[in-house]
Amino acid sequence: MPVIAGDFRNGVTFELDGQVLQVIEFQHVKPGKGAAFVRTKMKNVITGAVTERSFNPTDKFEDAFVERKDMQYLYADGDLYYFMDTETYDQLPISKDTLSDNFRFVKENDVVKVCSYKGNVFAVEPPFFVELEVTETDPGFKGNTATNTLKPATLETGAEIRVPLFIEPGERIQIDTRTGEYLGRAK
């Protein structure tokens, strides 16, 4: 089913010149003189590149269905990371190059979203928030809660982030995987 530029909404995916694009922002413009147009900011879902372009509201594009499937991360073997479909139990090896930087917060048995287009995997999205244990950090001191001073800490996945001074090794903390920031102690 074709996608018409006049019907663009945030999140719509379509194909243009062999690329899969997702609408980030759009604006219907009706100038006093001349024809109306749709000013669009789009992101290439495979490369992440963001571009802006104007379209005639009657322009038609091929609909691009991006599949986001829940899969369980099993283990890593060299440069291949293995994921299991939780419904069919099929295993899927994915190259380390496909994984984003925020995959460092994923531990074995976590459920992630594997994104693919026409069967080709282009991204692995971890959950937005995770709870991980601090394995290594400098000892905290009582009374160091009033300042916003941070210290480095190593997590159980091997990732390093900055945490407040009062966090001790062995504590479980919450992390936003999109920014890599400490959110608070796990409850």
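Buried means under 20% relative accessible area, exposed means over 50%, and partly exposed lies in between, computed with a 1.4 Å probe and protein chains only. By that scale, leucine 183 counts as partly exposed, because its relative accessibility is 44%. I shall return to this residue shortly.

Good morning, colleagues. The structure before you is a predicted model, in which local features need a pLDDT of at least 70 and side-chain atom pairs count only at pLDDT 80 or more, while totals for chains, interfaces and linings use all residues. Residues are numbered from 1 along each chain as its sequence is written, and side-chain values use heavy atoms, with hydrogens and water left out.

Let me begin with confidence. The pLDDT is the predictor's confidence in each residue, on a scale from 0 to 100. The chain averages 89, and 96% of the residues score at least 70. Strand S8 (residues 80-85) has the highest confidence in the chain, at a mean of 94, and strand S11 (residues 120-125) the lowest, at 86. Strands here are DSSP runs of E with at least two residues, numbered from the N terminus.

I turn now to the strands towards the end of the numbering I shall discuss. Two strands pair if DSSP finds at least two bridges between them. Strand S15 (residues 172-176) pairs with strand S12 (residues 129-137) in the antiparallel sense, over five bridges. Within that pairing, valine 130 has isoleucine 175 as its bridge partner. S15 also pairs with strand S16 (residues 181-185), again in the antiparallel sense, over four bridges. Here aspartate 176 stands opposite glutamate 181. The hairpin of S15 and S16 has four residues between the strands, and glycine 180 takes a positive phi near 75°.

Leucine 183, with which I opened, is in S16. Together with Phe128 and Phe129, Leu183 forms a nonpolar patch on the surface, with about 330 Å² of accessible area. Such a patch is made of residues with over 30% relative accessible area and no salt bridge, nonpolar side chains (Val, Leu, Ile, Met, Phe, Trp, Tyr) being joined within 5 Å. The areas come from the Shrake-Rupley method with a 1.4 Å probe.

A second hairpin deserves attention. Strand S13 (residues 150-155) and strand S14 (residues 160-164) run antiparallel and are joined by five bridges. Proline 152 stands opposite arginine 162. Four residues lie between S13 and S14, and glycine 158 in the turn has a positive phi of about 100°. Threonine 149 is in the loop between S12 and S13, and it is partly exposed at 40% relative accessibility.

Next, the salt bridges. A salt bridge is a side-chain nitrogen of Lys or Arg within 4 Å of a carboxyl oxygen of Asp or Glu. How many does a search of the whole structure find? The search finds eight. One of them joins lysine 118 and glutamate 15, at 3.8 Å from N to O. These two are 103 residues apart, with lysine 118 in the loop between S10 and S11 and glutamate 15 in strand S2 (residues 13-16). Lysine 118 is exposed, at 65%, whereas glutamate 15 is partly exposed, at 22%.

Another joins aspartate 85 and lysine 69, at 2.9 Å from N to O. Aspartate 85 is in strand S8 and lysine 69 in strand S7, 16 residues apart. Is aspartate 85 buried or exposed? Aspartate 85 is buried, because its relative accessibility is 6%. Lysine 69 is partly exposed, at 28%.

A further salt bridge returns us to S16: glutamate 171 meets arginine 185, with the closest N and O atoms 2.6 Å apart. Glutamate 171 is in the loop between S14 and S15, and arginine 185 in S16. Glutamate 171 is buried, at 18%, while arginine 185 is partly exposed, at 40%.

Finally, the aromatic rings. Rings of Phe, Tyr and Trp (its six-membered ring) pair if their centres lie within 6.5 Å; planes under 30 degrees apart count as stacked, over 60 as edge-to-face and the rest as tilted. The count comes to 12 aromatic pairs. Among them, tyrosine 73 and phenylalanine 103 are edge-to-face, at 5.2 Å centre to centre and 80° between the planes. Tyrosine 73 is in strand S7 (residues 67-77), and phenylalanine 103 is in the loop between strand S9 (91-95) and strand S10 (111-117). Tyrosine 73 is buried at 7%, and phenylalanine 103 is buried at 7%. Tyrosine 75 and tyrosine 82 are stacked, because their ring centres are 4.8 Å apart and their planes at 20°. In addition, Phe8, Phe14, Phe55 and Phe61 form one aromatic cluster. Thank you for your attention.

How values were computed. Patches are made of residues with over 30% relative accessible area and no salt bridge: like charges are joined within 9 Å, nonpolar side chains (Val, Leu, Ile, Met, Phe, Trp, Tyr) within 5 Å.
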